[in-house]
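Which labels does this model earn, and on what grounds? Look it over, then take the terms one by one.

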Amino acid sequence: MHVASIVPISLTVGANRIVPAVAIPYPLGNPELPEDEERELRLKLVKKALRALETEVEKQTVFEE
Amino acid sequence: MAEKKYRVVHYLNQFYAGIGGEEKADIPPLIKEGAVGPGRPLQQALGEEGEIVATVVCGDSYFAENIEAAAESVVEPVSRYKPDVFVAGPAFNAGRYGIACGASCSAVSKKLGIPVITAMYKENPALELYRKEVYIIPSADSVRGMAEVIPRMASFVRKLGLRQEVGLPEADGYFPRGIRVNQFVGRTGAERAVDMLLSKLRGEPFQTEYPMPTFERVPPSPVVKELHSATIALVTSGGIVPLGNPDRIEAASASKFAEYNIAGVHDLTPDAYQTCHGGYDPVYANNDPDRVLPLDAMRALEKDGTIGKLYDHYYVTVGNATSIANAQKFGEVIAEKLKAADVDGVILTST
Amino acid sequence: MRLELGIIKIEDVQFGEETTVRNGTLYVNKKELIGLVRQDDRLSEVDVELTRPGEEVRIMPVKDVIEPRVKVSGSAELFPGIIGKIGTLGSGRTNVLRGAAIVTVGRIVGYQEGLIDMSGPGAQYSPFSQTNNVALILHPIHGLAPHAHEEAVRLAGLRAAVYLGKTAKDLAPDELEVYELNPVTDTTLPRVAYVHPLLSEGLLHDTYLYGVDAKRILPSLIHPNEVMDGAIVSGNCVSACDKHTTYHHLNNPVIKELYRRHGKDLNFIGVVISNLNVTLADKERSSDYASKLVKLIGAEGAIITEEGFGNPDTDLMMLCKKIEEYGIKTVLITDEYAGRDGGSQSLADAVPQADAVISVGNANEVIDLPPMKRIIGDLKRAEVIAGGFVGCLSTDGGLNIEIQAIMGSTCQLGFGTLTAGGY
């Protein structure tokens, strides 16, 4: 599965399970957050990615909230 | 003309070489001196400047059943005749013959480094397989188009034989190979853009300078069933590498990927890891590489039993001006390695 | 709004006692220029070197190129909000030292600076092989943060351009370029807008509009004259081939061409500035907003340019799709990353509406650049800059490198005459 900041590119190139990330220079972080909140955010994204791996898909799927 | 003639070797199947039909389709490659079958009118069209010095003949079934080996076995006899050009066919719409023409041209071009050309019908399945590596000119779908295609083949062979520059596909009459080649034209991009816009607005025909690409699709992989006992791997195109970039992955246009052991690593810290990606502001990733390769989060989930194990290696390249062809190649190799290591799922992060 | 560019042709550059222009030669008082730049205490070491078209010189690593200019009349100052007072540009007279350029040299982060060859096979790829260049070689004080380093180098270049430009204040121009959007009486001419997204992705990928960091703007309407008069400044070190230098902004070729045909073949109705940001939400918002502005001003056709590559391909495609969905015809200008063999797909994103595309060349194409007699800057970073690779620098100083590393080689404003064809 693909954790991608720019979902349209991920869709164009053909990823099947896509989790939208935060931003290009920090897909799994946010330097504006305090350290513990940033770590929490990253954990949430990774969990979402794992959920995507557990989810049956038939076509390209973007895992929003 | 005292000048030396350029030398041509021609490839034909058993049928056009006059050896026989389907019953002779399993003959291995053999060589005949001079021009044979369609090679004769081809020689006539070439005139005095070039000479078909030999013809390689192979059975269609023999070739189709051992494509690589057959193509290989064509190269050696061809090389003995020291040709300047190798020409195959025309194959029209014959599938096996098309593949034999394409594959032999491709092998000769790669091994002997000489220019190659063949001809076939636009729907011949071999066209898509070989058009990138071989000049293929269009022919009719059957032998009825022989008289029409021979002069065009001859003029292309002549061009290659005399080492003349091959022009654009439209001008020189071959199927576009999909190779993008730079050239300076008389007018600036801005001038061309305004011209094109005016044509488009007026409803006049115009030709885009880059037709939109079509991207390949792959079927979705099956789900990871028992996550708590699964091995999950991390792969990134975000350029996270050990400090100093030991494998010297390029900042842009990556020609390679790398594999690093992360067994025992619990957090990616700036004193041990960095980004080598040249396409985004590196400050944030350098301060905390977990922002691109979420190793700390994976370790936490491994510890609390959400996943069975984080795979001991991760794979990294730089997705910055890196060609899709290279990326595809990396992907295939990485996937094989992960499969061999019984990895159940992969999280790919990109910047 | 009427802008007159008074063109003073510069054919040579020399050091001299006094910084001045005489008979087409720009004389530079080296000490004075160094003194001016050294006023910024973030720079520890400053040197100036000169080079002219045709010389066996390689300049590297280059950050920005700026054309020296001076406002002769009109209330505004050049590069407002950065080194000039705030004021609306685009009116009155601006004198230009055409044929001269400030080139800022020195490693910042190392990946995204470029090179200029003044002669040899690389020269034809860069417009800056044709200018008489005043190169500022700039070294930061120890430990200066990258953000501050970039700013110090950017300001040094702009200050130097203004300093040299002042020599033109009282000169009589060799020719006058006049830019004025006169109303078009022929209502059958198609109404054409220009959509100009600026790279704004963070450190070393930023652009400034009247001093405002472009990542913080909503797309807005701007008079083409403002662009041609210094409203946009590059703070940008993305791959050398397709970033817009400040020089490119001052001489925007799309604006020039639309002006040239204004009232004859088309009706040039304005420029929409947008940005190229790092989040998807920003990309959606900016492309929505820019498209809406294009519709609002009543365009029937639009030229859309790009800066950078990869994720900005998405912005380009979003703009194309959304503007076409308003029924407005578009033409895009982009470069390609088709691999060194030219055999790969060229863009990271694509939409079916993008049926009219100008290609300004494959940036991955590799070129052999012979060694040069003189190096301004140094070649040490050749293997790590975008377009370089391990082994691309030979011991004699020759380079085997992608044209990606050459300043302006695939400028997506359509500045050059390069294209890529399908073979």
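Two strands pair if DSSP finds at least two bridges between them. Helices (H or I, at least four residues) and strands (E, at least two) are DSSP runs, numbered from the N terminus. The model is predicted: local features need pLDDT of at least 70, side-chain atom pairs count only at pLDDT 80 or more, and totals for chains, interfaces and linings use all residues. Residues are numbered from 1 along each chain as its sequence is written, and chains are lettered from A and ligands numbered from 1 in the order in which they are written.

Q: What makes strand 2 (12-15) and strand 3 (20-22) of chain C edge strands?
A: Three strands of chain C form an open sheet in the order 2-4-3, with mixed pairing. Strand 2 and strand 3 each pair on one side only, and that puts them at the edges. The twist averages 25° from one strand to the next. Such angles run from 0 to 180 degrees between N-to-C directions, with axes as lines fitted to C-alpha atoms, for helices over the stretch in contact.

Q: How do you know that strand 3 and strand 4 (residues 25-28) of chain C are joined?
A: Three bridges join them, and the two strands run antiparallel. Pairing asks for at least two bridges, so this pair qualifies. Val21(C) stands opposite Leu26(C) in strand 4 of chain C.

Q: Why is one side of strand 7 (69-71) and of strand 12 (175-180) of chain C left without a neighbour in the sheet?
A: Four strands of chain C form an open sheet in the order 7-8-1-12, and the pairing is mixed. Strand 7 and strand 12 of chain C stand at its edges, each with a single partner strand, so one side of each has no neighbour in the sheet. Neighbouring strands of this sheet are turned by 20° against each other on average, direction ignored.

Q: How many bridges join strand 1 (residues 2-9) of chain C to strand 12 of chain C?
A: Six bridges join them, and the strands run antiparallel. Gly6(C) has Leu176(C) in strand 12 of chain C as its bridge partner.

Q: What makes both faces of strand 10 (residues 114-117) of chain C count as covered?
A: Gly114(C) and Ile116(C) on one side are buried, and so are Leu115(C) and Asp117(C) on the other. A residue is buried if 20 or more other C-beta atoms lie within 10 Å of its own, exposed if 12 or fewer, and partly exposed in between, with C-beta atoms placed from the backbone. Three bridges join strand 10 to strand 6 of chain C, and the two run antiparallel. Ile59(C) has Ile116(C) as its bridge partner. Strand 6 (residues 57-66) of chain C also holds Pro61(C). The peptide bond between Met60(C) and Pro61(C) is cis, with omega about -5°.

Q: Why is Phe92(B) called buried?
A: Phe92(B) has 20 other C-beta atoms within 10 Å. The cut-off is 20 or more, so Phe92(B) is buried. Its phi is positive, about 50°, although it is not a glycine. Phe92(B) is found in the loop between strand 4 and helix 4 of chain B. That loop also holds Pro90(B). The peptide bond from Gly89(B) to Pro90(B) is cis, with omega near 15°.

Q: How do you know that Ser253(B) is buried?
A: Ser253(B) has 25 other C-beta atoms within 10 Å. That meets the cut-off, so the label holds. Phi of Ser253(B) is near 50°, positive in a residue other than glycine.

Q: Why do the buried residues of helix 11 of chain B line one face?
A: They are Ile324(B), Asn326(B) and Phe330(B). Seen down the helix axis, they fall within an arc of 145°, so they line one face. The arc is that of the directions from the helix axis to the C-beta atoms. On the other side, Glu332(B), Glu336(B), Lys339(B) and Ala340(B) are exposed.

Q: What makes helix 2 of chain A roughly perpendicular to helix 10 of chain B?
A: The axes of helix 2 (residues 35-54) of chain A and helix 10 (residues 295-303) of chain B come within 9 Å and cross at roughly 70°. Angles under 35 degrees count as roughly parallel, over 145 as roughly antiparallel, 65 to 115 as roughly perpendicular and the rest as oblique. The crossing angle makes the two helices roughly perpendicular.
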